Amino acid sequence: MSGVVILAEARPEIDWDSLTFSFTQTDRMYVAKCDIGEEWSPGSMRDFDDLRISPAAGVINYGQGLFEGMKAQRAADGSVVLFRPEHNARRAQQGAKRLGMPPVPEEMFLDAVKQTVRENLRWVPPMGKGALYIRPLLMGSGPILGVAPAPEYTFLVFVSPVGPYFKGGITPTSLRVSDEFHRAAPGGSGGVKAIGNYAPGMIPSKMAKKEGYSEIIYLDAANHKYIEEVGAANFFCVKEGRISTPELTGTILPGITRSSIIELARSRGYEVKEEKVEVGYAMDADECFCVGTAAVVSSIGKIQHGDKVVEYCGGEVGSVTMQLYEELTAIQQRRAPDEFGWTVSV
Ligand SMILES: *Cc1c(COP(=O)(O)O)cnc(C)c1O
């Protein structure tokens with residue numbers, strides 16, 4: 001087949017119904033580089049490809065890197081929209097400071113994300129069939145042998161289409177509280193999307209899945225008493241109409257879905273408290289759910305801790321959970337008025 005040029009428009013159709021939550025390679029990616037002590041200058045788009053990187057790169061040897069996770073979605077008006085992307089940009093800047101990396105300017109971050117979505121537009125699923133997951137990465141790409149910030153940094157953005165998180169609609173999941181593992185310690189990097197925070201959660205999560213649970217609930221490392229997070233999602237519970245979520249103490253990742261749910265729930269007249277949430281209080285609640293970019297809102301049907309198991313709402317999705325899920329996804333897809341100005345067209 002030599003000499004055949006395949007135009008972007010002529011490439012094979014994508015089977016949207018077979019999309020899962022796994023990686024699908026797309027067409028283009030954004031790459032920028034910056035030497036330590038210098039300012040970032042805008043990067044460029046190129047075909048998606050493997051990276052060339054020194055075996056002595058800071059990110060490979062010492063985990064000097066962070067990521068972001070966002071979605072572009074096909075909205076009801078036909079446009080392609082991002083959800084509060086400036087918050088991802090700012091969170092990445094905070095994380096960069098914690099990990100000794102040069103923060104990417106907000107405008108540059110947003111431009112990079114928009115360009116990458118635009119040059120992969122054919123991968124944005126139709127409304128309701130999923131989303132284009134966006135993965136910005138910032139890492140120490142220069143070589144260094146001592147444990148210190150790398151001499152050079154790479155910021156890149158790639159995307160992958162993903163299917164709907166819940167294929168058959170929102171269904172309650174079973175979780176188990178871990179008495180064996182913690183996710184983050186006070187003074188550590190739990191509040192940052194540091195790449196090194198995620199590998200230690202893989203085995204605990206796999207162990208839970210083997211026993212029939214979908215994820216682990218982590219308690220705080222200092223007291224082993226208060227709920228922190230559910231795998232890589234933020235936790236909420238509802239008791240007598242009052243909504244609680246663990247307060248941000250530095251060990252919890254400040255989720256953008258979390259802050260959106262807090263704001264949305266308050267605007268709908270709910271009392272929402274950011275506070276210490278004792279595991280016993282949550283086990284006694286009326287409804288529990290967890291939130292994050294991937295699933296938006298995920299209903300919790302059951303929690304196991306020690307020899308205790310509780311089931312919420314008879315295994316059905318709770319009414320507050322359902323209301324917040326429906327209202328937030330409607331805003332994200334512009335099926336409802338964007339009363340908070342949260343969506344941004346690409
Ligand atoms: C990304 C992430 C979340 C969710 O954050 P969103 O901004 O809502 O996607 C929650 N917890 C952890 C540990 C995370 O990495």
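**Exercise 1. Place Val-159 in this predicted model: find its strand, decide whether Val-159 is buried or exposed, and list its contacts.**

Solution.
- Step 1. Val-159 sits in strand S7, which covers residues 152-162.
- Step 2. Its relative accessible area is 0%. Buried means under 20%, so Val-159 is buried.
- Step 3. Leave out residues up to four places away in sequence; Val-159 then touches Thr-24, Thr-26, Thr-116, Asn-120, Leu-132, Tyr-133 and Ile-134.
- Step 4. Compare sequence and space for Val-159 and Pro-136. They are 23 residues apart in sequence, and their C-alpha atoms are 8.5 Å apart.

**Exercise 2. Do the same for Val-279: which helix holds it, is it buried or exposed, and what does it touch?**

Solution.
- Step 1. Helix H6, residues 279-283, contains Val-279.
- Step 2. The relative accessible area of Val-279 is 11%. The cut-off for buried is under 20%, so Val-279 counts as buried.
- Step 3. Val-177, Leu-219, Lys-225, Ile-227 and His-305 are in contact with Val-279, with residues up to four places away in sequence not counted.
- Step 4. Take Phe-155 as a reference. Val-279 and Phe-155 are 124 residues apart in sequence and 39 Å apart in space, C-alpha to C-alpha.

**Exercise 3. Describe how helices H2 and H3 pack, then name the residues that meet.**

Solution.
- Step 1. Choose the descriptors. Two packed helices are described by the angle between their axes and the distance between the axes.
- Step 2. Read both values. H2 (residues 85-98) and H3 (residues 106-118) pack at about 125°, and their axes are 9 Å apart.
- Step 3. Classify the angle. It makes H2 oblique to H3.
- Step 4. Assign the hand. The crossing of H2 past H3 is right-handed.
- Step 5. List the contact. H2 supplies Pro-85, Glu-86, Asn-88, Ala-89, Arg-90, Ala-92 and Gln-93; H3 supplies Glu-106, Phe-109 and Leu-110.
- Step 6. Sort by class. The contact of H2 with H3 has five nonpolar, two polar and three charged residues.

**Exercise 4. Check the span of helix H5 against its residue count, then state which of its residues are buried and what follows the helix.**

Solution.
- Step 1. H5 runs over residues 256-267, 12 residues in total.
- Step 2. At 1.5 Å a residue, H5 should span 16 Å.
- Step 3. The end C-alpha atoms of H5 are 17 Å apart, so the two values agree.
- Step 4. The buried residues of H5 are Ile-256, Thr-257, Arg-258, Ser-260, Ile-261, Ile-262, Leu-264 and Ala-265.
- Step 5. After H5 comes Gly-269, with a positive phi near 90°.

Note on methods
Residues numbered from 1 in each chain as written. Predicted model: local features only at pLDDT ≥ 70, side-chain atom pairs only at ≥ 80, totals over all residues. Heavy atoms only, no water. Axes fitted to C-alpha atoms, helices over the stretch in contact; angles between N-to-C directions. Helix = DSSP H or I, 4+ residues; strand = E, 2+ residues; numbered from the N terminus. Parallel < 35°, antiparallel > 145°, perpendicular 65-115°, else oblique. Left-handed = near helix turned anticlockwise from the far one by under 90°. Contact = heavy atoms within 4.5 Å. Nonpolar A, V, L, I, M, F, W, Y, C, P; charged D, E, K, R; others polar. Expected span 1.5 Å × (residues − 1). Buried < 20%, exposed > 50% of the residue type's maximum accessible area, 1.4 Å probe, protein only.
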